Amino acid sequence: GNLIRKHNNKDARKYLDDFASLLRDVLNNNQENLIDLKQELTMCQKYLKLEALRFKDRFNYVINIENNIDLNEVFLPPLTLQPYIENAIWHGLLHKEKDCQLSISIERQANGISCIIEDNGIGRKAAAVLKTQSGLVRKSIGMELTKQRLAKHQITVKIIDNKNHLGKPTGTRIELFFPN
């Protein structure tokens, strides 16, 4: 809406085209019980691109994939990664003034594949305080549904509060593990 109001027609058209593409992916993928990791990451890249444009490049992101991983051979429920990425952006990074970073790493483990989503945002404790102060205290249904879907497929999730040597929050690390 902001791009349209500012008469930035070229960027607005690009944003709407990218949004339509993401929406098609979400609708198509949600018809499947499982999709491959390549499809999931493609959808996440589209989502990240849109959010970066929407928030005027307030954060940078990178996706690293180890060379020996075939993304077409790892299967997961659709929209597995996106809720964690969204939380990192909305609750961690957007409350930070500058140098906001988000990384997604796909790594091979002895008995499966891990996906690590890490941000250098304000941390979960500070985000919870801000949420309480804003009056938006409600349970995240999306995260609860995601957790239930992952458990059905033996996908585990570990949430780590990153801290510096003084114990100050330095962001959040989400570790998802997809067994072979």
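**T172.** I began with the contacts of T172 in this predicted model, and, leaving aside its neighbours within four places in sequence, I found T172 in contact with I117, E118, D119, G123, R124, I159, I160, D161 and N162. I noted that T172 is placed in strand 7, and that its relative accessibility is 9%, so T172 counts as buried, the cut-off being under 20%.

**Nonpolar core.** I then looked up the largest nonpolar core, which holds 37 residues, and I listed L81, I85, I106, I117, L176 and F178 as those that touch the most other members. Tracing where this core comes from, I found that at least two residues each are supplied by helix 2 (9-29), helix 3, helix 4, strand 4 (100-109), strand 5 (112-119), helix 6 (141-152) and strand 7 (169-179). Helix 3 gives the largest share of this core, namely eight residues.

**I106.** From the core I picked out I106 and, again leaving aside its neighbours within four places in sequence, I recorded contacts with L37, L41, N64, I65, E66, I69, L71, I113, S114 and C115.

**Helix 3 against helix 4.** I next asked at what angle helix 3 (residues 37-54) and helix 4 (residues 82-93) pack. The angle is about 20 degrees, and the axes lie 10 Å apart. Because angles under 35 degrees count as roughly parallel, I entered helix 3 and helix 4 as roughly parallel to each other, and I noted that helix 3 passes helix 4 in a right-handed crossing. On the helix 3 side I listed E40, C44, Y47, L48, E51 and R54, which meet Q82, I85, E86, I89 and W90 in helix 4. Sorted by type, the residues of this contact divide into six nonpolar, one polar and four charged.

**Helix 2 against helix 3.** Finally I turned to the packing of helix 2 with helix 3, where I read an angle of about 150 degrees and axes 10 Å apart. Since angles over 145 degrees count as roughly antiparallel, I wrote down helix 2 and helix 3 as roughly antiparallel to each other, with helix 2 passing helix 3 in a left-handed crossing. In this contact K14, Y15, D18, F19, S21, L22, D25, V26 and N29 of helix 2 meet Q39, M43, K46, Y47, K49, L50, L53 and R54 of helix 3, and I counted these residues as eight nonpolar, three polar and six charged. I also marked that Y47 and R54 of helix 3 appear in the contact with helix 4 and in the contact with helix 2.

Technical notes:
Residues numbered from 1 in each chain as written. Predicted model: local features only at pLDDT ≥ 70, side-chain atom pairs only at ≥ 80, totals over all residues. Heavy atoms only, no water. Axes fitted to C-alpha atoms, helices over the stretch in contact; angles between N-to-C directions. Helix = DSSP H or I, 4+ residues; strand = E, 2+ residues; numbered from the N terminus. Parallel < 35°, antiparallel > 145°, perpendicular 65-115°, else oblique. Left-handed = near helix turned anticlockwise from the far one by under 90°. Contact = heavy atoms within 4.5 Å. Nonpolar A, V, L, I, M, F, W, Y, C, P; charged D, E, K, R; others polar. Core = buried A, V, L, I, M, F, W, Y, C linked by side-chain atoms within 4.5 Å. Buried < 20%, exposed > 50% of the residue type's maximum accessible area, 1.4 Å probe, protein only.
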